[in-house]
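Here's a quick tour of some charged pairs and a few odd backbone spots. Have the structure open while you read.

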Amino acid sequence: MRTSTAAALTATLVATGLTPLFLAAPASAAVAKHYDDFNGDGYRDLAYRHQYSGVSGPGGWTGGAVTVVYGTASGLDTAHPQVVHQDSAGVPGTGEDDDTFGESIASADLDKDGYADLVVGNPMEKVGSVAYRGTVTIVWGSRSGLSGGTTLAPRSGAGSHFGSDLATGDFNGDGSPDLAAIGGQETWLYRGGFTRSGTTGSVSKIDKAGQGWYSSGLAAGEVNGDGRTDLVILGEQFVDDRPVPRVWFLKGASGGLTSGASKTYISAPWTAAIGDFDKDGYGDIAVGLPDNNDGKGIVSVWRGGSAGPSGSMTYNQASSGVSGSPEADDNFGYSVSAADTDGDGYADLAVGVPHEDVDGRTDQGGVHVFRGGSGGLVGSRSTWIPQTVLGPADAYTSFGSAVRLRDLTRDGRADLAVGASEDALLLRGTTTTPTATGSVHLPEYGGGFLD
């Protein structure tokens with residue numbers, strides 16, 4: 001039996017879709033039970049970009065914002081969302097017209113006080129005289145929710161657009177959450193602990209030195225079963241003066257992260273999620289490649305193992321048992337998320353297809369939910385959730401442009417949040433597949449969910 005710290009095991013269970021309700025915190029600190037419980041009440045909370053991001057919002061703020069909906073015993077409290085922006089009391093900086101506060105978001109209990117903290121990227125922010133330098137802000141959790149904040153100092157070599165993507169996890173297994181951030185197309189690892197005065201552990205650049213690597217996206221979770229969070233970096237590598245799309249696996253290690261295998265694709269990887277789809281104790285890496293094959297799109301699942309990922313399976317709308325058929329610019333795999341929707345112990349996978357045309361209506365969209373099981377994901381265990389669950393069928397709704405699976409009701413089954421062009425819906429997890437019965441519209445939605 002493998003052993004791990006409570007914080008590392010929590011990260012593992014989050015990645016596989018299980019809810020770590022009864023993990024004891026390390027003796028040295030009271031780490032929050034859930035990485036997304038900002039007020040410490042035992043229920044996960046939901047964060048996403050605000051609907052007025054990019055334009056002036058109510059009350060005069062500008063430059064982007066994050067909407068936070070708190071979980072309760074009766075479900076999400078959609079009547080009282082919190083809006084966090086740079087004009088919020090105690091949050092550093094000032095909102096400006098071309099800022100993108102909330103372009104990326106992540107969370108973890110970075111100061112280990114029992115409350116999860118929200119990490120917000122603003123990659124377009126001007127810093128001093130440097131345009132598009134970018135910032136990352138930690139907004140601190142508390143008994144009353146999120147309040148106040150601290151700017152994370154970028155390293156001098158981080159270049160522009162700092163905070164273009166973020167991921168958290170206990171990468172070195174010491175019980176303190178760490179943070180990975182992209183800046184200047186490089187990935188930077190900030191080790192915990194973090195303090196409200198702005199100090200962190202050591203900071204290092206994660207790069208394939210001299211090999212022309214450029215980072216564009218991040219995903220964190222447990223892959224090799226050693227109790228430390230692993231990191232997957234999406235990007236491209238120049239080979240013979242040509243950009244080659246790749247994903248790069250880095251194994252969690254006592255010193256931080258250790259370089260592992262890379263996998264090459266013919267189109268750019270847009271997103272990734274990690275979940276144990278066959279319940280063998282190792283997380284599998286699902287990579288969304290929506291541009292593949294003239295935009296028909298595929299999802300590649302890179303199987304986890306004790307030595308890291310190896311071997312893969314490919315899924316698309318031509319896979320046996322999967323509803324629909326692949327068409328140019330459907331963009332299957334535009335968004336992916338992994339967790340256990342039906343409570344059977346296997347992680348499941350939600351796949352967004354936001355540009356699916358239905359009955360002559362352009363870009364209606366929908367979501368495929370693949371249920372995990374013996375042998376992993378198969379098309380015969382997939383369900384199609386169309387745009388019509390959102391309301392009357394309409395063109396250009398782009399239902400499935402964002403997806404997120406997490407157990408928000410504490411019933412052992414992950415609920416499915418689905419984003420569309422101007423709306424978002426939360427569908428409850430059941431013993432089979434997420435259902436629109438009793439679904440909830442999410443307030444002030446503007447795109448992208450907390451990982």
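What follows covers salt bridges first and unusual backbone geometry second.

**Salt bridges**

Keep in mind that this is a predicted model. How many salt bridges does the count come to? It comes to seven. Three of these pairs are set out below, each with the distance between N and O.

| Acidic residue | Basic residue | N to O distance |
|---|---|---|
| Asp-36 | Arg-44 | 2.9 Å |
| Asp-411 | Arg-413 | 3.5 Å |
| Asp-226 | Arg-228 | 3.8 Å |

Let's start with Asp-36 and Arg-44. Their closest N and O atoms sit 2.9 Å apart, and both residues are buried. The pair isn't on its own, either: Asp-36 and Arg-44 are linked with Arg-404 in a network of salt bridges.

Now for Asp-226 and Arg-228, whose side chains meet in a salt bridge at 3.8 Å, N to O. Are these residues buried, partly exposed or exposed? Asp-226 has a relative accessibility of 26%, so it counts as partly exposed. Arg-228 comes in at 27%, and therefore counts as partly exposed too. The reasoning rests on the cut-offs: buried means under 20% relative accessible area and exposed means over 50%, with partly exposed in between.

Asp-411 and Arg-413 can be read in a similar way. Their salt bridge has its closest N and O atoms 3.5 Å apart. Asp-411 is partly exposed because its relative accessible area is 34%. Arg-413, at 24% relative accessibility, also counts as partly exposed.

**Backbone oddities**

Before the individual spots, a bit of background. Most residues other than glycine have a negative phi, and most peptide bonds are trans.

Where does the cis peptide bond from Gly-192 lead? It runs to Gly-193, with omega near 5°. Gly-193 is in the loop between β12 (186-190) and β13 (203-206).

Next come a couple of positive phi values. Asp-329 isn't a glycine, yet its phi is positive at about 70°. You'll find Asp-329 in the loop between β21 (312-315) and β22 (335-339).

Glu-444 is another residue other than glycine with a positive phi, here near 55°. Its place is in the loop between β29 (435-441) and β30 (445-449). With a relative accessible area of 29%, Glu-444 is partly exposed.

Terms used: Residues numbered from 1 in each chain as written. Predicted model: local features only at pLDDT ≥ 70, side-chain atom pairs only at ≥ 80, totals over all residues. Heavy atoms only, no water. Salt bridge = Lys/Arg side-chain N within 4 Å of Asp/Glu carboxyl O. Buried < 20%, exposed > 50% of the residue type's maximum accessible area, 1.4 Å probe, protein only. Helix = DSSP H or I, 4+ residues; strand = E, 2+ residues; numbered from the N terminus.
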